[in-house]
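Here is a short guided tour for anyone meeting this structure for the first time. Take a look at the sequence and the 3D view, and then read on.

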Amino acid sequence: MLLINCPYCGEREQEEFSCGGEAHIERPKNPPELSDDQWADYLFLRQNIKGLQFERWNHSFGCRQWFNVARNTATDEILAVYHMGEKPPKLESNDPITPCGEPKIGSGNFSTSKK
Amino acid sequence: MTLERRAVLKELKIEKNGISIEEIPFVEKLNLRGSPKDKNFLTDVGTILETLLPIDPNTKVENTDFQVIWLSPNEWLINFLKNDKFNITHQKFINQLNPEKTSVTDVSENKTIIRLVGDKSIELLRKFMILDIDKILKDNSKVAQTIFVKIPILIIRNHSQDQKQSFDLHINRSHANYLKELLLDGCNQFIN
């Protein structure tokens, strides 16, 4: 169970929250001009990083506000919480804290890595 | 044909092992939305309610007529402790607030209130809630939105330090019986 520091309500249990997936994904400005592959890329492809990932969370059973969280997906450590619309904080390392040095993209599968 | 307005629980007040569980039905409620950065909005609402809106998260302010509860940075719940003030105040909100920037909704029938009173209320609530009650509801100006087992609730602390423990639980009407049964079951531990 994670303790998440809602920027409005303070520290609450994870059960009160829902995760909205990766943050800072911009909607393309010219959707009609995109190919199906590019549109699918925007809709479905996510980095799924093993290590530091920026995510959107919603305090669904509390104040119902959205906010961003910087979380290490390997250790579940929450490194920063910040408001929607703010730029992600510069954190020291994006490397996963794993003893055997697995690649950054999940499970050694590089097919989802962004070129 | 007019529909009969009924409380949810068959017995409005039940006492078991020193804890009383009581439904407070028919409390009129308004949901108010607007920006706390809009000075006109704050001034107008303050004039109508004759009290300031609580801006701090998880707090409430109250006077003899209303209880104003913070729900989110731009949303408040107003409980009318005296029902005769409801229509007048609702009309004032509609007439005086800017409809493009604010919203006022009558949510009286949405939820009901279960009042829990007794010296072991906190101990009873801890059986069902993940909320750190001692830390978050530390005085009688505090409220919290959270879950009771899986039920979304709004919990309001009524008592000050030297008073008997008392909490109001705002829950969906359809969950009221489920919550009552769980509370009664939990009371079994406190045999005098």
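## Chain A, from end to end

Starting at the N terminus, the elements of chain A follow the order β-β-β-α-β-β-β. That makes one helix and six strands. Please keep in mind as you read that this is a predicted model.

How much of chain A is buried? Of its 115 residues, 31% count as buried. The chain has an accessible surface of about 7300 Å², and carbon and sulfur atoms account for 49% of that area. Turning to contacts between residues at least 6 apart in the sequence of chain A, 48% of them join residues at least 24 apart.

## Chain B, its fold and dimensions

Now for the partner. Chain B contains five helices and 11 strands. Along the principal axes, its C-alpha atoms fill a box of roughly 55 × 45 × 30 Å.

Does the radius of gyration of chain B agree or disagree with that of a compact globule? A compact globule of 192 residues would have a radius of gyration near 16 Å, and chain B has 17 Å, so the two agree. Within chain B, contacts between residues at least 6 apart in sequence join residues at least 24 apart in 57% of cases.

## Inside and outside chain B

Buried residues account for 47% of the 192 residues in chain B. On the outside, the chain exposes about 10000 Å², with 48% of this supplied by carbon and sulfur atoms. As for charge, chain B carries 27 positive and 26 negative charges, and the mean positions of the two groups lie 3 Å apart.

## A closer look at His90(B)

One residue to find in the 3D view is His90(B), which sits in helix 2 of chain B, spanning residues 86-96. Is His90(B) buried or exposed? Its relative accessible area is 16%, and the cut-off for buried is under 20%, so His90(B) is buried.

Leaving aside residues up to four places away in sequence, His90(B) touches Leu30(B), Val104(B) and Asp106(B).

## Where the two chains meet

The size of an interface is often given as the accessible area lost when the parts come together. Here, chain A and chain B bury about 1200 Å² between them, and 51% of that is on carbon and sulfur atoms. On the chain A side, the residues that lose the most area to chain B are Arg12(A), Glu15(A) and Phe61(A), which together make up 39% of what that side buries.

How many residues does each chain bring to the contact? Chain A provides 12 residues and chain B provides 19.

Methods. Residues numbered from 1 in each chain as written. Chains lettered and ligands numbered in written order. Predicted model: local features only at pLDDT ≥ 70, side-chain atom pairs only at ≥ 80, totals over all residues. Heavy atoms only, no water. Helix = DSSP H or I, 4+ residues; strand = E, 2+ residues; numbered from the N terminus. Rg over C-alpha atoms; globule rule 2.2 N^0.38 Å. Buried < 20%, exposed > 50% of the residue type's maximum accessible area, 1.4 Å probe, protein only. Contact = heavy atoms within 4.5 Å. Areas by Shrake-Rupley, 256 points an atom, 1.4 Å probe, with all protein chains shown as cover. Lys, Arg positive; Asp, Glu negative; His and termini not counted. Charge placed at Lys NZ, Arg CZ, Asp CG, Glu CD. Buried area = accessible area lost by both parts, 1.4 Å probe.
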